[in-house]
Amino acid sequence: MIYLELFKAWFQIGLFSIGGSYAALPIIKNVIVDGYGWLSISQFADLVVIDEMAPGPIILNSATFVGAQVAGFPGAIVATIGCLTGPAVIVSLIAYLYFKYQDLPVIRSILSILRPVVVALIASAGLAIIMLSFWGEHGFSSDMDSLNLISVAIAVAAFAVLRKYKLNPVILMLGCGLLGGLIYAR
């Protein structure tokens, strides 16, 4: 039954998404794209862009979108509930334990170990999106002919504008999307 699969998949994603939505992107990709095949890698990249622009947590937006894509409105509800169930239980348990044992050195050590792991997960997701944007669905290639120079130029320009003018990232993404759309429409 598709609803049970959706709940199970998003429960699993929610349960193991330690570190927030950006850290969850590799897990979402592995389960949704590689595991169930509900989205292609190109659709996944589009999903990430849409999630960035939509209000709310990326993981919840992803669950709702994928659920709707796979099984309509009921699928969106089931996937979203599945995504929330595991973390709600875990956060409640961790909050209780943290407030009870927060002064223990072992707790502080565990938290200091988790910080770089979360940063690595976020970097992994960002690298996957960059590789998709620059080299397409086949991934990194040393062949310079497969490199999309237009995407590289837009990314470099966007980074320069962001650093120099501190422009709102949403406005910058919309501008890059419009620029890319105009270039590729020719």
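Of the 186 residues in this chain, 27% count as buried, and I'd like to walk you through where some of them sit. Before we start, please keep in mind that this is a predicted model.

Let's take the overall picture. The chain has 7 helices and 0 strands, so if you read from the N terminus you get α-α-α-α-α-α-α. The C-alpha trace spans about 60 × 45 × 30 Å along its principal axes. Now to the contacts: taking those between residues at least 6 apart in sequence, 57% join residues at least 24 apart. As for the surface, the chain exposes about 11,800 Å², and 72% of that comes from carbon and sulfur atoms. There are 9 positive and 9 negative charges, and their mean positions lie 15 Å apart.

Now, helix α2, residues 21–35. Where is its kink centred? On I27, with a bend of about 35°. Several residues of this helix are buried, among them S21, A23, A24, L25 and P26 on one side of I27 in the sequence, and I28, V31, I32 and V33 on the other. And what covers them? The cover includes α1 (2–16), α3 (41–53), α4 and α5 (105–135).

Staying in α2, have a look at D34. D34 is partly exposed, because its relative accessible area is 46%. If you want a distance to try on your screen, the C-alpha atoms of D34 and A63 are separated by 16 Å, with the two positions 29 residues apart along the chain. Just past the helix comes G37, with a positive phi near 70°.

Next stop, helix α4, which covers residues 58–101 and holds N61. Is N61 buried or exposed? N61 is buried: its relative accessible area is 16%, and the cut-off for buried is under 20%. Setting aside the neighbours within four places in sequence, N61 is in contact with D51, A54, P55 and G56.

Over in helix α5 we find I110. At a relative accessible area of 44%, I110 is partly exposed. Its C-alpha atom is 18 Å from that of P87, and the two residues are 23 apart along the chain.

For those of you who think about cysteines at the bench, how many disulfides does a search of the whole structure find? The search finds 0. As a reminder, a disulfide is a covalent bond between the sulfur atoms of two cysteines. Two cysteines are still worth pointing out. C83 is buried, with a relative accessible area of 2%. C176, on the other hand, counts as partly exposed, because its relative accessibility is 22% and buried means under 20%.

Last one, and it's a backbone detail. Which residue has a positive phi although it is not a glycine? That is K166, with a phi of about 55°. You'll find K166 in the loop between α6 (149–165) and α7 (169–185). K166 counts as exposed, since its relative accessibility is 61% and the cut-off for exposed is over 50%.

So, to recap three places to look at when you turn the model: the kink in α2 at I27, buried N61 in α4, and exposed K166 in the loop between α6 and α7. Thanks, everyone!

Definitions and conventions: Residues numbered from 1 in each chain as written. Predicted model: local features only at pLDDT ≥ 70, side-chain atom pairs only at ≥ 80, totals over all residues. Heavy atoms only, no water. Helix = DSSP H or I, 4+ residues; strand = E, 2+ residues; numbered from the N terminus. Buried < 20%, exposed > 50% of the residue type's maximum accessible area, 1.4 Å probe, protein only. Contact = heavy atoms within 4.5 Å. Areas by Shrake-Rupley, 256 points an atom, 1.4 Å probe, with all protein chains shown as cover. Lys, Arg positive; Asp, Glu negative; His and termini not counted. Charge placed at Lys NZ, Arg CZ, Asp CG, Glu CD. Bend = angle between axes of the 7 residues up to and from the residue. Disulfide = S-S within 2.5 Å.
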